[in-house]
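Me: I have a structure open and would like to go through it step by step. Can we start with how residues are sorted into classes?

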Amino acid sequence: MKNISRVTRTKEEAKTSYDMMSKWYDLFTKVAEKKYKSAGLKKLNAQTGETVLEIGFGTGECIISLAESVGISGKVYGIDLSAGMLHVAQKKVSKSAISERVELKLGDGANLPFSNKFFNAVFISFTLELFDTPEIPLVLDECKRVLKPNGRICIVSMLKEEHDGLMVKFYEFAHLKFPKYVDCRPIYVQKNIEDAGFKKIDNTVMHMFGLPVEIILAQKM
Ligand SMILES: C[S@@+](CC[C@H](N)C(=O)[O-])C[C@H]1O[C@@H](n2cnc3c(N)ncnc32)[C@H](O)[C@@H]1O
């Protein structure tokens with residue numbers, strides 16, 4: 001297994017760049033990333049009455065969909081590092097019919113402000129791969145801590161494979177050269193999940209402009 005690139009920007013720098021990106025983030029990603037996020041939401045299959053957490057909710061696209069799935073008896077929480085993203089997502093949620101069942105917080109996914117065994121499910125899309133390598137197990141440990149027994153986790157992430165295609169090489173070059181703006185990079189999602197002690201239930205690999213994306217569903221044992 002090859003080494004994955006480190007994330008060298010600080011969290012302060014991440015806050016600043018995501019704050020800056022928050023106003024136009026949907027313009028560039030809403031359509032391009034929709035099918036990967038939809039595939040993840042389908043795999044997670046949030047049910048009526050469930051309590052679900054999204055880490056790194058961005059502009060809140062998946063939060064709304066999760067809130068629709070859990071219905072009036074359920075609740076969806078979100079945590080994101082960027083105040084700009086929180087503002088955009090909160091505005092979207094406030095305008096929707098599901099605002100009562102959504103609670104969005106500013107915070108770090110590596111240090112979740114929730115009690116043990118609180119959630120039925122956790123959803124993370126295009127966010128795990130922007131934690132630095134030593135932090136990925138910490139984030140997954142936090143997910144395990146806040147999940148109920150048999151709780152589910154679904155991760156949508158850029159995937160590192162044994163043989164890098166041209167797009168992966170190009171992406172990793174951009175990550176190396178512009179670490180503040182291209183702050184994520186492909187990771188070994190399944191290995192990370194299994195090392196954290198989750199049981200893999202199902203995974204699918206799709207491609208986004210030639211970049212492999214893994215959508216993985218796992219369960220707390
Ligand atoms: C690439 S965006 C993805 C947003 C959304 N999940 C989506 O798929 O559209 C990454 C998000 O993670 C947030 N983020 C970055 N570092 C974080 C951290 N340490 N804890 C929580 N959120 C973080 C960013 O502010 C941003 O909103």
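Reply: Ala, Val, Leu, Ile, Met, Phe, Trp, Tyr, Cys and Pro count as nonpolar, Asp, Glu, Lys and Arg as charged, and the others, Gly among them, as polar. Keep in mind that this is a predicted model.

Me: ok, so how does the shell around the ligand split by class?

Reply: That shell has 10 nonpolar, seven polar and six charged residues.

Me: and which residues are closest to the ligand?

Reply: The closest are Tyr18, Gly56, Gly58, Ser82 and Gly109, out of 23 residues that surround the ligand. Two elements give two or more residues to the shell, namely helix H1 (11-21) and strand S2 (75-80).

Me: which of them gives the most?

Reply: H1 does, with three residues.

Me: Switching topic. What order do the strands of the sheet have?

Reply: The order is S3-S2-S1-S4-S5-S7-S6, in an open sheet of seven strands with mixed pairing. Strand S3 (102-106) and strand S6 (198-208) are at the edges; each has a single partner strand, so one side of each has no neighbour in the sheet.

Me: how do S5 and S7 pair?

Reply: Strand S5 (residues 147-158) and strand S7 (residues 211-220) are antiparallel, with seven bridges. Val156 has Ile215 in S7 as its bridge partner.

Me: what does helix H4 touch?

Reply: Helix H4 (residues 61-70) packs on the sheet and touches strand S1 (51-55), S2, S3 and strand S4 (119-125).

Me: last one, how much of the chain is buried?

Reply: Buried residues make up 41% of the 221 residues.

Note on methods. Residues are numbered from 1 along each chain as its sequence is written. This is a predicted model: local features need pLDDT of at least 70, side-chain atom pairs count only at pLDDT 80 or more; totals for chains, interfaces and linings use all residues. A residue is buried if 20 or more other C-beta atoms lie within 10 Å of its own, exposed if 12 or fewer, and partly exposed in between; C-beta atoms are placed from the backbone. A residue is near a molecule or strand if its C-beta atom, placed from the backbone, lies within 6 Å of it. Helices (H or I, at least four residues) and strands (E, at least two) are DSSP runs, numbered from the N terminus. Two strands pair if DSSP finds at least two bridges between them. Two residues are in contact if their C-beta atoms, placed from the backbone, lie within 7 Å. Axes are lines fitted to C-alpha atoms, for helices over the stretch in contact, and angles run from 0 to 180 degrees between N-to-C directions.
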